[in-house]
Amino acid sequence: MLASQLLLHAAVLGLTILQALASNTFTAAVYEHAVILPDATDKPVSPKEALALMNKNMDVLEGAIKEAALQGAQIIVTPEDGIYGWRFTRETIYPYLEDIPDPAVNWIPCTDPTRFAPAPVQERLSCMARRNSIYVAANIGDKKLCNSSDPSCPSDGRYQYNTDVVFDPEGKLVARYHKYNLFMLETQYNNPKEPEAVTFETPFGKFGIITCFDILFHDPAVALVSKLQVDTVLFPTAWMNVLPFLTAVEFHSAWAMGMGVNLLAANAHYTNLSMTGSGIYAPDGARAYYYNMKTEDGHLLVAELDSQPRLSAASSPDIKWSSHALSVERLSLNDHDFRGLIFHDKFTFTEITKPEGNLSICQKDLCCHLSYKMAGKREDEIYVLGAFDGLHVVEGQYYLQICTLLKCKSTDRNTCGQPVETAQTKFEMFSLSGTFGTNYVFPEVLYSGVQLAPGEFEVLNDGRLISKARPTKPVITVTLFGRWYEKD
């Protein structure tokens, strides 16, 4: 019986590899997981209790992995914090951590679980991948002992890392990534001393991996794409949505488009912290996405992607982001210009008072230009054109240049920039551009109900974000989100 099972596994694995080699596409899956959280405690639980909680979450993840494989997925990404949650101090997270070796050791935990220190989580993840002949990416915690000879060694004698692991269809550990850009609440973890640019090869392309907050910074996110030329980025995340520019589906799809790569984003689902929004994104838009703030359900997404998106017809040549905007005459301030806050950043706005026209607004070196036509100017909604050129300093320090067409929360201009999820105004057309000082600009279009607009807009080589046809839904925002990494 065992021999026949091994032969069946080998046959399925061989068929999967041959199919991948014969195709320019692959099937990807992401799972948005409603994480089962530990009880809040100031004292560490026992390793047995910690494993019991992790097994509850892995039971759910295993079901999603099986279903993804049945639907033909060759790789699946699960969320950051998806196995044990986030209610921890440095001390209370310790029972949940395992010592994760460098993938160079050539290890299959499923078949050789005792080779290193006890690692039941790695063993189970490895077996999930092996039994279902699928690549599995998951987020767990790594612990590494250190001593006084290391001047950076923490006082408790260990490093603790927020860590992504990837197991191949045989169950072999093929990638380990320590999150470099920790969010301000992640005091239970250490930063690695240097950013790790982690890649691995598959029969259907070259992959890289980053975690959550990493995506807002140059290293390692941009380095994976620009220097190491990955085709697809795996992205476990626990993303707390921040309207109007940083909802998960909106920004992650924009990043994939701006960087010209596939992005497999798996978010945790926890509406009390505004966590939702997962997707399978290609450079030409979302292939599948999920956003749900109403229920606490998990959700599996499966979609097909190009193995090498830079070679596809949808791949765009280099965009000169400021080309069009520099040719537009800079207008002087007018009576409709005013200041407002978006996520603590001081924007300069100008109100859109006519159903169609051309507008400009400037802040520092950034001038934003908009051509538009509304389907009808409503009296109960107002829109603004906004510009921000400066350093964002709230949950991290990063330099932004943003041009945005934005719906205000109400007809009171003081609400412009506050979160809003619904709108009634449709646009016949829009064209947005800006005098950006950076080449890293991410195009966003968000419709009413926090819905994306795949296939309904494009970016021209001269830097204009334009509607390809009449937009089908009311607009919340049309945005060019620029990151000037050198000024961080």
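This is a short question-and-answer session on a predicted model of one protein chain.

User: What makes this a model to read with care, and how are residues numbered?
Analyst: Residues are numbered from 1 along each chain as its sequence is written. The model is predicted, so local features need pLDDT of at least 70, side-chain atom pairs count only at pLDDT 80 or more, and totals for chains, interfaces and linings use all residues, while side-chain values use heavy atoms, with hydrogens and water left out.

User: How do you know what confidence the chain has?
Analyst: Look at pLDDT, the predictor's confidence in each residue, from 0 to 100. The protein chain averages 94. Of the residues, 93% score at least 70.

User: Where is confidence lowest, and where is it highest?
Analyst: It is lowest in helix α1 (residues 2-21), with a mean of 49. It is highest in β2, at 99. Over residues 18-22 the pLDDT is below 50, and beyond near neighbours in sequence this stretch has four contacts in the model. A contact means heavy atoms within 4.5 Å.

User: What makes a stretch a helix or a strand here?
Analyst: Both are DSSP runs, numbered from the N terminus: helices are H or I with at least four residues, and strands are E with at least two.

User: Which residues does UniProt list under "active site"?
Analyst: The unreviewed entry lists Glu80, Lys179 and Cys212. They are spread over 133 residues of sequence, yet they cluster in space, with a largest C-alpha distance of 10.3 Å. One caution: UniProt positions are given in the numbering used here, feature names are shortened, and annotations may be inferred rather than shown by experiment.

User: Why is Glu80 called buried?
Analyst: Buried means under 20% relative accessible area, exposed means over 50%, and partly exposed is in between (1.4 Å probe, protein chains only). Glu80 has a relative accessible area of 2%, so it is buried. It is found in the loop between β2 (75-77) and α3 (120-132).

User: Why is Cys212 called buried?
Analyst: Its relative accessibility is 8%, so Cys212 counts as buried. It lies in the loop between β7 (205-209) and α4 (218-226).

User: How do you know what Glu80 touches?
Analyst: Apply the contact rule, not counting residues up to four places away in sequence. Glu80 then touches residues including Lys179, Cys212, Asn162 and Glu186. Cys212 touches Glu80 and Lys179, among others.

User: What makes the Glu80 and Asn162 pair a polar contact?
Analyst: A polar contact is a pair of N or O atoms within 3.5 Å; within protein, one must be able to donate a hydrogen and the other to accept it, and residues adjacent in sequence count only if both atoms are side-chain atoms. The side chains of Glu80 and Asn162 make such a contact at 2.8 Å.

User: Which residues of α4 are buried, and what covers them?
Analyst: The buried residues are Pro220, Ala221, Val222, Ala223, Leu224 and Val225. Their cover includes β5 (173-178), β6 (199-202), β7, β8 (232-237) and α5 (248-259).

User: What is the peptide bond before Pro220, cis or trans?
Analyst: A cis peptide bond joins Asp219 and Pro220, with omega about 0 degrees. Pro220 lies in helix α4. Another cis bond joins Leu243 and Pro244, where omega is about 10 degrees.

User: How do you know that β18 pairs with β24?
Analyst: Two strands pair if DSSP finds at least two bridges between them. Seven bridges join β18 (residues 398-407) to β24, and the strands run antiparallel. For Cys403, the bridge partner in β24 is Leu480. Strand β20 (residues 441-447) is also joined to β24 by seven bridges, again antiparallel.

User: How many residues of β24 are buried?
Analyst: Nine of its nine residues are buried, so strand β24 (residues 475-483) is mostly covered.

User: Why is Glu379 called exposed, and Asn106 partly exposed?
Analyst: Glu379 has a relative accessible area of 73%, so it is exposed. Asn106 stands at 49% relative accessibility, so it counts as partly exposed. Phi of Asn106 is near 60 degrees, a positive value in a residue other than glycine.

User: How is the chain divided into domains?
Analyst: It has domain 1 (22-311) and domain 2 (322-487). Such bounds come from an automatic or database domain assignment. Their centres, taken over C-alpha atoms, are separated by 32 Å. In contact are 28 residues of domain 1 and 32 residues of domain 2.
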